Amino acid sequence: MNRKVEIIIGILIVLTFVFILGKNILSFSFDSYDSINKLKEAVINEDIKYLKNHLEIENYESSLNNNDIKNIVAFLRNQYIIEDDWNEYLNTSNRNFYIKKSGKEKLLFDKFILVLKPYELILSSDTPGAIVYIDGKEVGKIDKKNYEFKYNPILPGQHKIKLKYEGKYAKLEKERELGFFNETEREIHYNIELEPNYINIYCNYPEAKLFVNNKDTGKTIEEIDVFGPVTLDGSIYLQAILETKGKTFKSDKVPVDDYLCELFIEAENDYDNLGYSDSLESIDSIIDEHMLSYCRSLANAVNNNDFKIVEPYLLKGSPLYNTQKNLVKNLNEKGIREELLYYDLLNIEKINDDTYEVTTYEAFNIISNNNVEEKDYEWTYTVKIVEGQPYLANIR
């Protein structure tokens with residue numbers, strides 16, 4: 001081999017080495033910095049065309065359309081990550097937002113794509129049975145046991161979540177626009193309260209049947225814990241009807257415009273036929289009914305953050321009145337709900353003509369942050385009789 005050929009071969013070897021080295025250096029420089037920064041700029045500038053081939057939802061079976069990408073990009077532009085150095089997100093798949101290498105583009109250079117993970121919506125509400133809509137599509141209902149609804153997968157971004165309840169006596173609806181993005185958590189928790197109205201019903205004959213707008217509910221007053229959801233605009237009216245020994249006794253029709261509805265049946269001239277020994281219920285029976293309704297109403301007041309629900313059972317200005325007013329507010333602010341499980345009247349002791357000490361046993365489910373804890377109590381209440389009606393004044 002002559003000297004000239006050796007020189008040519010040597011030059012070719014050097015050029016090949018330089019080409020390979022330059023390609024690797026250029027590829028590293030371009031792919032690791034320029035390409036990743038281009039991803040970031042595409043999000044900032046809402047470059048849907050570029051992101052169509054450079055954005056992926058992990059384990060998401062459906063392909064992303066332009067509206068999906070627009071929604072994701074518009075939301076990401078307002079997140080704190082837009083200020084970060086996105087090179088730090090390369091191959092950090094333990095996060096819900098990362099960048100990965102995916103083949104080649106333009107033959108020479110590594111292709112980088114932005115990967116996001118979908119989320120699971122855990123929606124809680126105060127209205128079991130309410131229908132859930134996501135971006136206008138019906139997807140399920142709030143569960144009647146745990147007051148929750150779970151849905152996945154839901155794409156990162158902004159979504160319209162609507163709750164709609166249509167019952168016999170009330171229609172409720174609320175829509176909120178909620179964001180879905182978190183770098184580490186896959187479950188996104190939201191709460192939407194429809195704030196339904198529930199009422200307590202008192203009747204001097206609790207075994208009477210309840211009629212609503214002239215229709216039989218199929219239940220007696222004593223079988224009803226709280227009644228609702230119901231509107232309080234007076235468009236619905238209640239009536240108690242007692243049928244016994246071939247006779248029918250009716251209360252007036254009372255419009256529903258408050259949290260306590262009282263239904264009175266006049267049957268003074270027929271007590272013997274009805275089987276009652278006198279014209280008045282015993283004070284023990286009156287207090288027992290009052291205490292049970294109070295326990296139900298207190299739980300309802302806490303769940304709806306509305307002291308007015310339990311207020312009719314308390315003596316205004318008394319220590320218990322002020323204590324329970326603060327209790328309702330404080331428990332609701334902590335996200336605590338209550339469910340009455342059991343009530344029993346243990347003892348009634350007469351202190352004087354208008355004062356009684358009443359001991360009860362009460363058991364509740366305390367619901368907080370998706371946890372349910374059963375708690376039971378034994379309380380002694382001071383009950384005052386005012387104009388024939390019992391009111392709670394103190395507790396120990």
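**Confidence, strands, helix α5 and unusual backbone angles**

User: What does pLDDT do over residues 24-31, and how many contacts beyond four places in sequence does the model have for them?

Analyst: Over residues 24-31 pLDDT (the predictor's confidence in each residue, from 0 to 100) stays under 50, and the model has 14 contacts (heavy atoms within 4.5 Å) beyond four places in sequence for this stretch. This is a predicted model, in which local features need pLDDT of at least 70 and side-chain atom pairs count only at pLDDT 80 or more, while totals for chains, interfaces and linings use all residues. Residues are numbered from 1 along each chain as its sequence is written, and side-chain values use heavy atoms, with hydrogens and water left out.

User: Where else does pLDDT stay under 50?

Analyst: It also stays under 50 over residues 269-280, for which the model has 14 contacts beyond four places in sequence. Where pLDDT is low, the predicted coordinates should not be read in detail.

User: OK, and what's the mean for the chain? Which parts are lowest and highest?

Analyst: The protein chain has a mean pLDDT of 85, with 87% of its residues reaching 70 or more. Confidence is lowest in helix α4 (residues 271-274), where the mean is 44, and highest in strand β5 (residues 131-134), where it is 98. Helices (H or I, at least four residues) and strands (E, at least two) are DSSP runs, numbered from the N terminus.

User: Switching to α5: what span should it have, and how far apart are its ends?

Analyst: The 22 residues of α5 should span 32 Å at 1.5 Å a residue (the expected span is 1.5 Å times one less than the number of residues), and the end C-alpha atoms of α5 are 31 Å apart, which agrees.

User: Is α5 mostly covered or mostly exposed? And what comes just after it?

Analyst: Helix α5 is mostly covered, since 16 of its 22 residues are buried; buried means under 20% relative accessible area, exposed over 50%, and partly exposed in between, with a 1.4 Å probe and protein chains only. Just after α5 comes N305, which takes a positive phi of about 50 degrees.

User: Which other residues have a positive phi without being glycine?

Analyst: N91 is one of them, with phi near 60 degrees, and N213 is another, with a positive phi of about 50 degrees. N91 sits in the loop between α3 (66-76) and β2 (97-105), whereas N213 lies in the loop between β12 (209-212) and β13.

User: Why do N91 and N213 count as exposed or partly exposed?

Analyst: N91 counts as exposed because its relative accessibility is 55%, while N213 is partly exposed because its relative accessible area is 28%.

User: Now cis peptide bonds: where are they?

Analyst: One is the bond from N152 to P153, with omega near -5 degrees, and P153 belongs to strand β7 (residues 148-154). Another joins G228 and P229, where omega is about 0 degrees, and P229 is in the loop between β13 (215-220) and β14 (237-244).

User: Last one, T355: buried or exposed? What does it touch?

Analyst: T355 is found in strand β19 (residues 355-368), and it counts as buried because its relative accessibility is 6%. Leaving aside residues up to four places away in sequence, T355 touches E349, K350, T382, V383 and K384.
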